[in-house]
2 protein chains.
Amino acid sequence: MDTIVLKFGGSSVADNLRLNVVANKIIDLYNEGNNVVVVVSAQGKTTDTLIKEAKELSNIPSDRELDVLLSTGEQVSMSKLAILLERLGYESISLTGWQAGIYTNDVNQNAKIESIDLTRIQEELEKRKIVIVAGFQGINKNADITTLGRGGSDTTAVAIAAALKAKHCYIFSDVDGVYTTDPNKVTVAKKLETLSYEEMLEVANEGARVLHNRCIEVGQKYHIPIITKSTFNNKPGTTIQDETNNDKIEDTRVKSIVKNDDIIYVNMKYETYSPELFNKLFKTLLSKDIIANNFINNSSHSMNIFFTIKSNVLNKFQNLLENDLKSFDTTYSNISRMAIVGHGIMNDTSILEKIFEIIEINNLEILDLQINEAKIAIMFKQKLSNNILEQMHQKLI
Amino acid sequence: MDTIVLKFGGSSVADNLRLNVVANKIIDLYNEGNNVVVVVSAQGKTTDTLIKEAKELSNIPSDRELDVLLSTGEQVSMSKLAILLERLGYESISLTGWQAGIYTNDVNQNAKIESIDLTRIQEELEKRKIVIVAGFQGINKNADITTLGRGGSDTTAVAIAAALKAKHCYIFSDVDGVYTTDPNKVTVAKKLETLSYEEMLEVANEGARVLHNRCIEVGQKYHIPIITKSTFNNKPGTTIQDETNNDKIEDTRVKSIVKNDDIIYVNMKYETYSPELFNKLFKTLLSKDIIANNFINNSSHSMNIFFTIKSNVLNKFQNLLENDLKSFDTTYSNISRMAIVGHGIMNDTSILEKIFEIIEINNLEILDLQINEAKIAIMFKQKLSNNILEQMHQKLI
């Protein structure tokens, strides 16, 4: 009998209608003869609501107490799901992080799973129960409740799958897999059947909102195939797994192209150069959680620096420009970054050639280019239209 | 340094404004130099809402999963209170039932506390932290979450106070103590300073909504003085405690008079008597959760039975009369019960004499009279006006 782990995100368990869809997916896989462990997130926007309520009581709620508060979200969704599955005639049991034996380090709000004591989960699986585990939470060695931070429930699911040596870990969400590029930008984008962990990590790093890095890394370390699928249709998803022999034949296939338009390119000038000024600039940015990347200083006597920031901090940056940083001569513009992901990409020069053809034809200016084993990433000096992405997709995939 | 336990009910922690009132009460008692353990209920109507949501998923949600779901309510209020106390500058820590070492039997939805492992609570009190414990919940020996049923949080508080050998257990609610009679019915009613556990049990049995039986019994067993007070004013409350010497001097003082008007007196007749019919009648009533008390059968050949039901099941009873029970000749009316509570009351015949004077003057008909060490309880054949209660109060207290 195979053991599988299924994870359902917040939007998949948001209301009773969706819980019924989820329950039926679980029942189908259970009836195929699998031992089933289900990991759930909190319903809908519950976590955001609880954070908001905590902030009404304190600007800086303690991380420990915030974790106690937030962990109730998954406890509610898991018990509701168990109640529903039992009504549908399937013996189920819900387990909180501590009941499921999920031990983490001490870092409240961003804990890492250190070990999983499977005793209880295995005991319940042996009774052929559907075991529902609260995602996103565990306990530290003091028996204090911890939460795992962003993407935490995905990590819970893959970590349990690893501990159980499960056959698969399904990550169900409102996204039905990984595409050759964003189907909202390029209509001919195709869903990928498989992707290696390395490739998926690169795609995730470029901001594709399918899986979180941490869960991919756990899957990679323990060789757990991760299947990303939609909760709301029956289409096949994308399997993230070790490279297979099949992959090696097509060594240098480009798997996915990601275009990111949420980047602001900034140029700041000041007539004289001083390390103190430099320091002050950085501290000012960091004090507002503005992270400057791809930093370049182009001058020695005066200051002429370039860097990028994410577009979601632009408002805060503009505020600084009108106040703390107004002595600088500053310009900025929206630019794009494109990442071409595929294992072995570095060894096939024909790919780079094709990319440069498109760059030339469209008269694009490169700001920065980085290549590694599985990715070519190019920052452009301008914002790219979706048509450029389409040309790349047509030529490379 | 004294240790005290404070318990705040659902209406006391219903919103941020009230949480602030609660926090300040706690801080005052902490600053007097006490070690403080706080037990909280779920906010406002949270428990009812969660039950309603569970019933939307299943008519008969399993007791185990319902307990997992309901226990989140206290976890939310305790962490919010800790967050608030910390913002106000007081080191606090919230503990769930299992973290606080509250072990219960296996009866989900109506568990009884079996033991309390104080290790964690004491550890935190030694650091001078305000310890906030989730009321109403514990774990059984399988590490499954259980809840304690009605009045559960009060019981948690008194049980912790007993285990800690605390000086007092404060039960804060929207009621500010126990009165000589219901102040809504008799304006001259006075608040009692003290009451013995036996007296309080009798008052609670008669339906006064101040403390639950179970918590009084625990207080009695471990000699923990229970102080019932209002969260929303600073008036002194009523202390429930062992009888003191002072009480013994006034051995036969009537402490409190409770009038209960929520009783329906039913008479059902049928031309022939048969045990089967009798049986059917009882089963029919029980199937609708209608409990018949004070049952009398007045005839041998025909059926002529009398019993009382609570007025909150009258609608269900009327439905039965129109359907399953329509072959009976049935009449019913609203009646009152009056209980006169005070330790040693049985030994002072002058009290019974005074009661009978009032009964005579007002031409009241007695249906049933019961006397024990601490209570005289009379069921009347009619509904009593508040004026009768006032006469009793004036004569007896």
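This report describes a predicted model with chains A and B, from the relation of the chains down to single residues.

## Relation of the two chains

Two copies of a chain are related by a rotation about an axis and a shift along it. Here chain B is superposed on chain A by a rotation of 180° with 0.0 Å of shift along the axis, and the RMSD is 0.1 Å. This is the relation of a two-fold axis. Within chain B, B:Thr72 has the C-alpha nearest the axis, at 2.7 Å from it. Both copies use the same surface, since 100% of the contact residues of chain B recur in chain A.

## The interface

The contact between the chains involves 25 residues of chain B and 25 residues of chain A. On the side of chain B that touches chain A, at least two residues each come from helix 1 (16-31), helix 2 (46-57) and helix 3 (63-87). Helix 3 of chain B gives the most to this side, with 13 residues. Sorted by class, the side of chain B that touches chain A holds eleven nonpolar, eight polar and six charged residues.

Two packed helices are described by the angle between their axes and the distance between the axes. For helix 3 (residues 63-87) of chain A and helix 2 of chain B, the axes come within 8 Å and cross at roughly 30°. The crossing of these two helices is right-handed. Helix 3 of chain A makes the contact through A:Lys80, A:Ile83, A:Leu84 and A:Arg87, and helix 2 of chain B through B:Glu53, B:Ala54 and B:Leu57. Among the residues of this helix contact, four are nonpolar, none is polar and three are charged.

## The six-stranded sheet of chain A

Chain A has an open sheet of six strands in the order 14-15-13-16-18-17, paired antiparallel. The edges are strand 14 (293-297) and strand 17 (366-372) of chain A; each has a single partner strand, so one side of each is left without a neighbour in the sheet. On average, neighbouring strands of this sheet are turned by 20° against each other, direction ignored.

Within the sheet, strand 13 (residues 256-270) and strand 16 (residues 329-341) of chain A run antiparallel and are joined by twelve bridges. One of the residues paired here is A:Lys259, whose bridge partner in strand 16 of chain A is A:Met338.

A:Phe306 lies in strand 15 (residues 303-310) of chain A. Beyond its neighbours within four places in sequence, A:Phe306 is in contact with A:Val266, A:Asn267, A:Ile296 and A:Asn298. A:Val266 and A:Asn267 fall within the residue range of strand 13 of chain A, and A:Ile296 falls within that of strand 14. A:Phe306 is partly exposed, because 16 other C-beta atoms lie within 10 Å, a count between the limits of 12 for exposed and 20 for buried. The C-alpha atom of A:Phe306 is separated by 19 Å from that of A:Leu364, which is 58 residues away along the chain.

## The eight-stranded sheet of chain B

In chain B, eight strands form an open sheet with mixed pairing, in the order 3-6-2-1-9-11-12-10. Strand 3 (92-95) and strand 10 (194-196) of chain B are the edge strands; each has a single partner strand, so one side of each is without a neighbour in the sheet. The average turn between neighbouring strands of this sheet is 20°, direction ignored.

Strand 2 (residues 35-40) and strand 6 (residues 130-134) of chain B pair in the parallel sense over four bridges. In this pair, B:Val37 stands opposite B:Val131 of strand 6 of chain B.

## Two loop residues with positive phi

A:Asn363 has a positive phi although it is a residue other than glycine, and B:His223 likewise has a positive phi without being a glycine. The table gives the values and places.

| Residue | Phi | Loop between | C-beta neighbours within 10 Å |
|---|---|---|---|
| A:Asn363 | near 60° | helix 11 (349-361) and strand 17 of chain A | 7 |
| B:His223 | about 55° | helix 7 (213-222) and strand 11 (226-230) of chain B | 11 |

A:Asn363 is exposed, with 7 other C-beta atoms within 10 Å. B:His223 also counts as exposed, because it has 11 C-beta neighbours inside 10 Å. The loop of A:Asn363 leads to strand 17 of chain A, one of the edge strands of the six-stranded sheet. The loop of B:His223 leads to strand 11 of chain B, which stands between strands 9 and 12 in the order of the eight-stranded sheet.

Methods:
Residues are numbered from 1 along each chain as its sequence is written. Chains are lettered from A and ligands numbered from 1 in the order in which they are written. This is a predicted model: local features need pLDDT of at least 70, side-chain atom pairs count only at pLDDT 80 or more; totals for chains, interfaces and linings use all residues. Two residues are in contact if their C-beta atoms, placed from the backbone, lie within 7 Å. Ala, Val, Leu, Ile, Met, Phe, Trp, Tyr, Cys and Pro count as nonpolar, Asp, Glu, Lys and Arg as charged, and the others, Gly among them, as polar. Axes are lines fitted to C-alpha atoms, for helices over the stretch in contact, and angles run from 0 to 180 degrees between N-to-C directions. A crossing is left-handed if the near helix is turned anticlockwise from the far one by less than a right angle, and right-handed if clockwise. Two strands pair if DSSP finds at least two bridges between them. Copies are superposed by least squares on the C-alpha atoms of residues with pLDDT of at least 70 in both.
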